[in-house]
Amino acid sequence: MKQKITKALCVLCAGALALSVAGCGKTASSSSAASGSDAAALIGKAADYDYQNFTYSDSLDENGYWEGIKALDYVTLPEDYAAIPISRADVEPSSEDVQSQIDNVLSQHSTTQQVDRAAADGDTVNIDYAGTVDGVAFTGGTYSGYSLTLGSGTFIDGFEDQIVGHKPGETFDVNVTFPEGYSDSTDAEGNTVVLSGKKAVFSVTLNSISEEVLPELTDEWVDSNYGTSDDVHTVADLQALYQRLLYQDNLNTATMDYLMENADFKSIPQEVLDYQVKQCLNYYYTMSTYYGMDLDTFVKQVMGYDDADAMLTSMADDIETYAKEALLYQAVAEAAHVAPTQEQIDTYSAYTETYGANYCTMVALMDAVNEALSSGAVVK
């Protein structure tokens with residue numbers, strides 16, 4: 001069980017969270033802080049960015065700082081940044097919040113059991129399917145023994161809904177329409193089969209249905225799962241643990257919110273802003289390739305934007321906000337002479353191959369800044 005909730009910087013790309021911080025791209029060294037349409041103008045168009053080749057450690061130095069940037073040149077911290085006033089009511093978690101975390105824990109340890117009834121949302125079904133378009137079978141449209149959670153949105157819109165209500169052993173047709181821009185397939189002879197915008201019929205056989213079974217929350221269950229690894233032995237211990245974790249996470253959020261509201265931003269380095277944009281575009285570009293679409297098609301079909309440029313315009317304020325937050329973390333580190341401990345850096349050692357050592361050091365630096373801010377906060 002992870003003992004600390006780390007708030008890594010993130011771009012809120014239409015609800016998807018992804019770690020970010022750092023930046024490179026346009027040649028300008030800085031720009032005025034902006035909002036609304038001004039922020040959108042600074043961000044520009046997707047074609048302005050080499051987001052396909054984005055890497056997380058771009059423009060970060062070995063200390064986890066923005067390379068060549070002194071954050072305090074761009075932001076003035078409030079005088080009370082080291083002793084931020086916080087209302088206890090704003091950070092104390094409710095019993096419902098704690099129970100929600102425990103429910104998540106139980107769900108992570110759930111098992112499944114097969115049931116003989118009609119399928120419902122949330123069930124995991126095992127299915128065979130064979131799809132055709134205009135009566136022609138196509139590559140990728142046939143599979144045996146696929147495990148699918150109903151309601152997950154894994155398949156084309158309408159596919160999972162049409163399984164609901166059927167029982168094990170039934171074979172039935174599922175009628176769907178491929179979204180515009182969906183990649184072509186081939187038939188058995190290698191001829192192109194156009195799927196974009198086409199109606200398809202899938203013959204589906206429902207092999208089995210499984211439902212989630214949660215473990216019973218008892219002292220014995222807690223001790224057997226967390227007694228050795230986390231020194232958590234009873235239900236009360238588990239509740240107390242999540243009370244502490246949620247309190248700390250809320251406190252981290254509250255101190256950063258206070259700084260965002262009370263710091264004076266003179267400007268935002270263009271590199272920092274560009275990084276946020278490229279991270280966001282790269283995230284959705286990666287998803288689009290997974291679904292066999294180009295980026296513009298993906299954001300139109302899945303997210304409802306006209307294209308990637310429209311998505312960036314919609315997200316301009318969020319992108320600017322997290323660029324500011326990125327500056328704040330480094331500004332506090334500079335002002336308070338905060339650096340991550342080796343232990344904090346080692347926490348992320350398993351991720352260096354994916355994100356790069358400098359990025360992982362930056363996340364460790366954020367942990368150190370959060371610790372300094374929360375320990376100095378005046379909670380009343």
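Start with helix α6: its 21 residues reach 30 Å from the first C-alpha to the last, close to the 30 Å expected at 1.5 Å a residue. The expected span is 1.5 Å times one less than the number of residues. Helices (H or I, at least four residues) and strands (E, at least two) are DSSP runs, numbered from the N terminus.

The model is predicted: local features need pLDDT of at least 70, side-chain atom pairs count only at pLDDT 80 or more, and totals for chains, interfaces and linings use all residues. Residues are numbered from 1 along each chain as its sequence is written, and side-chain values use heavy atoms, with hydrogens and water left out.

**Helix α6**

Stay on α6, which covers residues 270-290, and select N282 within it. N282 counts as buried because its relative accessibility is 12%. Buried means under 20% relative accessible area, exposed over 50%, and partly exposed in between (1.4 Å probe, protein chains only). Now show what surrounds N282: leaving aside neighbours within four places in sequence, it is in contact with Y51, Q52 and F54. Contact means heavy atoms within 4.5 Å. Then move just past α6 to G292, where phi is positive, about 75°.

**Aromatic pairs**

Next, display the rings of Phe, Tyr and Trp (its six-membered ring); two of them pair if their centres lie within 6.5 Å, and planes under 30 degrees apart count as stacked, over 60 as edge-to-face and the rest as tilted. The structure holds 24 aromatic pairs. One of them is Y56 with Y355, edge-to-face, at 4.7 Å centre to centre and 80° between the planes. This pair links distant parts of the chain, 299 residues apart: Y56 is in the loop between α1 (37-43) and β2 (75-76), and Y355 is in helix α11 (residues 352-355). Y56 is buried, with a relative accessible area of 17%, while Y355 counts as partly exposed at 22% relative accessibility.

Select F159 and F202 for another edge-to-face pair, 5.3 Å centre to centre with 75° between the planes. F159 lies in the loop between β6 (136-149) and β7 (171-177) and F202 in strand β10 (residues 199-213), so this pair ties together parts 43 residues apart in sequence. Both F159 and F202 are buried. Widen the selection to Y129, F138, Y143, Y146, F155, F178 and Y182, which form one aromatic cluster together with F159 and F202.

For a charge over a ring, go to F265: K324 lies over its face, at 5.1 Å from the ring centre. The criterion is NZ of Lys or CZ of Arg within 6 Å of the ring centre and within 35 degrees of the ring normal.

**Strand β5 and its partners**

Colour strand β5 (residues 124-133) by face. Its covered face has V125, I127, Y129, G131 and V133, and its uncovered face has T124, N126, D128, A130 and T132. In a regular strand the side chains alternate between the two faces of the sheet.

Two strands pair if DSSP finds at least two bridges between them. β5 pairs with β6 in the antiparallel sense over 8 bridges, and A130 has T142 in β6 as its bridge partner. The two strands form a hairpin with 2 residues between them, and D134 in the turn has a positive phi of about 55°. Now look from β5 to β10: these strands run antiparallel, joined by 9 bridges, with N126 standing opposite S208 in β10.

**Salt bridges**

Show the charged side chains. A salt bridge is a side-chain nitrogen of Lys or Arg within 4 Å of a carboxyl oxygen of Asp or Glu, and the structure holds 5 of them.

Centre on R117. R117 forms a salt bridge with D123, the closest N and O atoms being 2.8 Å apart. R117 is partly exposed at 28% relative accessibility, and D123 is buried, with a relative accessible area of 4%. R117 also forms a salt bridge with E211, where the closest N and O atoms are 2.9 Å apart. R117 lies in the loop between β4 (111-115) and β5 and E211 in strand β10, so the pair ties together parts 94 residues apart in sequence. E211 is partly exposed, with a relative accessible area of 24%. R117, D123 and E211 are thus linked in a network of salt bridges.

Then select R88 and E92, another salt bridge, with the closest N and O atoms 3.7 Å apart. E92 counts as partly exposed at 35% relative accessibility, and R88 counts as partly exposed at 39%.

**Helix α2**

End on A89 in helix α2 (residues 88-91). A89 counts as exposed, with 66% relative accessibility. Add V379 to the selection: A89 and V379 are 290 residues apart in sequence and 9.3 Å apart in space, C-alpha to C-alpha.
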